[in-house]
Amino acid sequence: MIFPQVTAADVAAVATHYDDLDLFYRTIWGTHVHHGYWRTGKESTEEAVENLTHLVADRAGIKSGSCVCDVGCGYGGSAKIFAEHYGARVIGITVSKKQYDLAQLFHAGLADVDFMNCDGLANGLPDGSFDAVVSVESSEHMQDKPAFFAELSRLLRPGGRFVVLAWLAREQPGAAETKYLLEPICAEGRLPSMASAREYERMLVAAGFQDLGFEDLTRKVKKTWRICALRCLTRITSHQILRQRFFDSTFPNRVFAKTVLRIWLAYTVGSMRYGLFSGRKPWVDKL
């Protein structure tokens, strides 16, 4: 497990990160705050981003009438697709007040989508409420990852499915890549830790999930960061408000513009991977 060489980010720090960088994220990447998935390599960025959401829906078994919880829903882009394309009823959870407000605004007419502004580990939702629980690039922000996976299990009905998409550290990274890439990415991206695929698998087994699957999507998603890095360079230069913010020494999250380049390099040299974990809650509890 990789830990930043600073005080680990808590829920408030993660929320502030996304509130502060709201304009940055939407200007650079749009309202889907997650990687694109290039099946053929010829898709547009918008198509690639939606490809990832459809992949999640497939692996989670989302269908008409499914009750779905999207933990770390961002601006609600995936929740909208789950509702409109698959006929699901969706509750999206985000710690960011800015994301929550905009998700409410962007999807005001969707009767089957609701949003909550709260900590994913303190959501107050009833046990066994959902047929599927998905987490797209939000588990990285959890301080207590085993508790997070236990919470996914609590929310699921017996036999319900989960999908977790996560940034991963390579197995046994070297000292240099840990010091100059992975630890700074954790600190600057407000990640309390970054785990490897094997560490995720061990935590999921400990949480009691069955039929576990892992898919390494690195090759199909890493194009995301080349696009982000190029857009970051061009749009901060051309966008006056972004330029002012990222040259303001009092703006605490301005360092993330540099982190985009660091993440691009980490994918390029293999220090980071991107994986999809899936499985289901047992139909009956073990005696």
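Which helix holds both Glu 151 and Arg 154, and how many residues apart are they? Both lie in helix α6 (residues 145–155), three residues apart, or about one turn of the helix. The close-ups below all come from a predicted model.

**View 1. Glu 151 and Arg 154 pair up within helix α6.** The two side chains form a salt bridge, and their closest N and O atoms sit 2.7 Å apart. Glu 151 counts as buried, with a relative accessibility of 11%. Arg 154, at 25%, counts as partly exposed.

**View 2. Helix α5 has a salt bridge of its own, between Asp 101 and Lys 97.** Here the closest N and O atoms are 2.9 Å apart. The partners are four residues apart in helix α5 (residues 97–106), again about one turn of the helix. Asp 101 is partly exposed at 35% relative accessible area, and Lys 97 is partly exposed too, at 43%.

**View 3. Arg 273 reaches Asp 216 from another strand.** This salt bridge brings N and O atoms to 2.8 Å at their closest. Arg 273 belongs to strand β7 (residues 272–280) and Asp 216 to strand β6 (residues 210–216), so the pair ties together parts that are 57 residues apart in sequence. Asp 216 counts as partly exposed, at 40% relative accessibility.

**View 4. Asp 22, Arg 26 and Lys 98 make a salt-bridge network.** These three residues are linked to one another through salt bridges. For the wider picture, the structure holds 13 salt bridges.

**View 5. Now for the largest nonpolar core, which has 66 residues.** Phe 24, Phe 82, Met 194, Leu 217, Met 272 and Tyr 274 are the ones that touch the most other members. Helix α3 (residues 45–60) is the biggest giver, putting in seven residues. Apart from this core lies another one, of 25 residues, including Cys 67, Leu 125, Ala 197 and Tyr 200.

**View 6. Zooming in on Leu 217, one of the core residues that touch the most other members.** What does Leu 217 contact once its neighbours within four places in sequence are set aside? The list runs to Tyr 37, Leu 52, Leu 55, Leu 165, Tyr 274 and Leu 276.

**View 7. Three leucines make a nonpolar patch on the surface.** Leu 230, Leu 233 and Leu 261 build this patch, which covers about 260 Å². Leu 233 is found in helix α10 (residues 223–238).

Notes:
Residues numbered from 1 in each chain as written. Predicted model: local features only at pLDDT ≥ 70, side-chain atom pairs only at ≥ 80, totals over all residues. Heavy atoms only, no water. Core = buried A, V, L, I, M, F, W, Y, C linked by side-chain atoms within 4.5 Å. Buried < 20%, exposed > 50% of the residue type's maximum accessible area, 1.4 Å probe, protein only. Helix = DSSP H or I, 4+ residues; strand = E, 2+ residues; numbered from the N terminus. Contact = heavy atoms within 4.5 Å. Patch = residues over 30% accessible without salt bridge, like charges linked within 9 Å, V, L, I, M, F, W, Y side chains within 5 Å. Areas by Shrake-Rupley, 256 points an atom, 1.4 Å probe, with all protein chains shown as cover. Salt bridge = Lys/Arg side-chain N within 4 Å of Asp/Glu carboxyl O.
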